[in-house]
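Trainee: I should like a close look at one part of this model, the beginning of the first chain. Please explain how that part is built, and then lead from there to the rest.

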Amino acid sequence: MKIGILALQGAFVEHEKMLGGLGAETFEIRQKRDIERAFDGLIIPGGESTVQGKLLAELGLTEKIKALINGGLPVFGTCAGLLLLAKCIENDEHVYLGTMDITAVRNAYGRQLGSFSAAAGFGDMGEVPMTFIRAPYISGVGDGVEILSEVGGRIVAARQNNMLVTAFHPELNDNKTVHSAFLDMVRAS
Amino acid sequence: MKNERFELNKNLAQMLKGGVIMDVTTPEQAKIAEAAGACAVMALERIPADIRAAGGVSRMSDPKMIKGIQNAVTIPVMAKCRIGHFAEAQILQAIEIDYIDESEVLSPADDKYHIDKTAFRVPFVCGARDLGEALRRINEGAAMIRTKGEPGTGDVVQAVRHMRIMQSEIRRFGSMSADELYEAAKELAVPYDLAVYVHENKKLPVVNFAAGGVATPADAALMMQLGAEGVFVGSGIFKSGNPEKRAAAIVKAVTNYEDADMLAELSEDLGEAMVGINEHEIELIMEERGK
């Protein structure tokens, strides 16, 4: 099983370590030629969505990755990754990949002083620790989107077919639940 | 609770990795930087090259000016306070800055003590020339480190020197035996537990960026290949002929820092780089501030 990790900007090394600990092979995607190989799943890490979105477009990756996701490639987006996958961002005119039928709010908890950690249920997989860094949340979901976690009445994790998103950063904790769930999605696809 | 805050603050720096943090002096420049792909901006009244030219005492920027920049962009906004000036830091915290740079670029307010950064909820980034300075700042509560370099010169030599020293000392710590580690911690005047962290993980406990004198995509790629996790660009962008183009090129150079073909393409037609002054021409050595 080979997982590509978008490594344009942000916390991609943390995902590599997490998946390495679960026995999955990973490689970094920094430009077009990196996605010409075959792979089984894609992670879009946290970072700044404006930076990653711009680099996706300028490095000629947006359309190719969109096609792969629409073709069923399992993808997992954390924080900025959630924003890149969202069909609509309430307080941002950009749509980047726009493959997932969710509406998100960017920097929804304010500046860094609004960053926080919590613990809440993740689907039926029990409680997981959650780190929110200048995080977004999901303010609306379309049909066929399964809500996996809510914190303080806000949706912070969801799944639609081959797409999994979290507003928090499971790659920053030791708990492997969310990454295991993603690898299960990859295996089942 | 304090520890949790430190973790969250360290985590924000992790999200900035692989990115470029740009100095900006106006909301317009901040928008240009954001559009060019900056992962954060540093709001300040004068960029280091102009601070150098103006001389005199250089202080924290006007909060109104910083707020103007906060309102202009959606990416994190950082601002500088003077070394040891905890009241300036309190003010920056009050306006909810995302990161405070306790910076040698400004005139130091205290020639002995740095700010006790553990007393704050907002994160701090501090400059360092070697492993000892880095670990002392982290012990005081810094959640991110950058090389000092020599700001406002457009000369990358000091940033290279500081990054090389830091990486070499990290490698040295990594291969020490337990008994050697006690002595090394003592020599560097750093807490033993931080020395152990470096020994075990072969890296700093927080994110480490390059700063000071970065002016071209090649400079940025050089610093990344030397082990920086991201790059600060101060005077290099808005003191150059074509800030938009140069900023965007540096952003791409940091992502693909090992691809020489792409770097060659990015380095074309950038217009005039900042003129710069070399280390033998400068009278004010900012890197000496705060040890």
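Mentor: The account below begins at the start of chain A and then turns to the partner chain, the salt bridges and the core.

The model is predicted, so local features are described only at pLDDT of at least 70 and side-chain atom pairs only at pLDDT 80 or more, while totals for chains, interfaces and linings use all residues. Residues are numbered from 1 along each chain as its sequence is written, chains are lettered from A and ligands numbered from 1 in the order in which they are written, and side-chain values use heavy atoms, with hydrogens and water left out.

Helices and strands are DSSP runs numbered from the N terminus, a helix being H or I over at least four residues and a strand E over at least two. Strand 1 of chain A spans residues 2-6, and four of its five residues are buried. Buried means under 20% relative accessible area, exposed over 50%, and partly exposed in between, with a 1.4 Å probe and protein chains only. In a regular strand the side chains alternate between the two faces of the sheet.

Strand 1 of chain A has two parallel partners, considered here in turn. Two strands count as paired if DSSP finds at least two bridges between them. With strand 2 (residues 25-29) of chain A, strand 1 of chain A shares five bridges, and A:Gly4 is matched there with A:Phe27. Between these two strands the chain passes through helix 1 (residues 12-21) of chain A, in a right-handed β-α-β crossover. Right-handed means that, with the strands pointing away from the viewer, the path from the first strand over the helix to the second runs clockwise. With strand 3 (residues 41-44) of chain A, strand 1 of chain A has three bridges, and A:Ile5 is matched there with A:Ile43.

The loop between strand 1 and helix 1 of chain A holds A:Ala11. A:Ala11 has a relative accessible area of 0% and is therefore buried. Why is A:Ala11 of interest for the next step? Beyond its neighbours within four places in sequence, A:Ala11 is in contact (heavy atoms within 4.5 Å) with A:Pro45, A:Gly46 and A:Glu171, and also with B:Gln14, B:Met15 and B:Lys17. This loop residue thus leads to the other chain.

Between the chains, 34 residues of chain A are in contact with 37 residues of chain B. The size of an interface is often given as the accessible area lost when the parts come together. Here the two chains bury about 2800 Å², 53% of it on carbon and sulfur atoms; the figure is the accessible area (1.4 Å probe) that two parts lose on being put together, summed over both. On the side of chain A, A:Arg111, A:Gln112 and A:Leu113 lose the most area, together 26% of what that side buries.

Four salt bridges cross this interface, a salt bridge being a side-chain nitrogen of Lys or Arg within 4 Å of a carboxyl oxygen of Asp or Glu. A salt bridge also joins A:Arg33 and B:Asp259, at 3.6 Å from N to O.

Over all chains the structure has 27 salt bridges. One of them joins A:Glu48 and A:Arg106 at 3.4 Å, N to O. A:Glu48 is in the loop between strand 3 and helix 2 (49-58) of chain A and A:Arg106 in the loop between strand 6 (100-105) and strand 7 (116-121) of chain A, so the pair ties together parts that are 58 residues apart in sequence. Both partners count as buried, A:Glu48 with a relative accessible area of 7% and A:Arg106 at 5%. A:Arg106 also meets A:Asp92 in a salt bridge, at 3.3 Å from N to O. A:Asp92 is buried as well, at 13% relative accessibility.

In chain B, B:Lys148 and B:Glu133 form a salt bridge with their closest N and O atoms 3.2 Å apart. B:Lys148 is buried at 2% relative accessibility, and B:Glu133 at 1%. These two belong to a network of salt bridges with B:Arg129, B:Glu287, B:Glu288 and B:Lys291.

Finally, the largest nonpolar core has 141 residues, of which B:Met144 and B:Met223 touch the most other members. Helix 12 (residues 243-255) of chain B gives the most to this core, seven residues. Such a core is a set of buried Ala, Val, Leu, Ile, Met, Phe, Trp, Tyr and Cys residues joined through side-chain atoms within 4.5 Å. B:Met223 is among the buried residues of helix 10 (residues 217-225) of chain B, and what covers those residues includes helix 12 of chain B.
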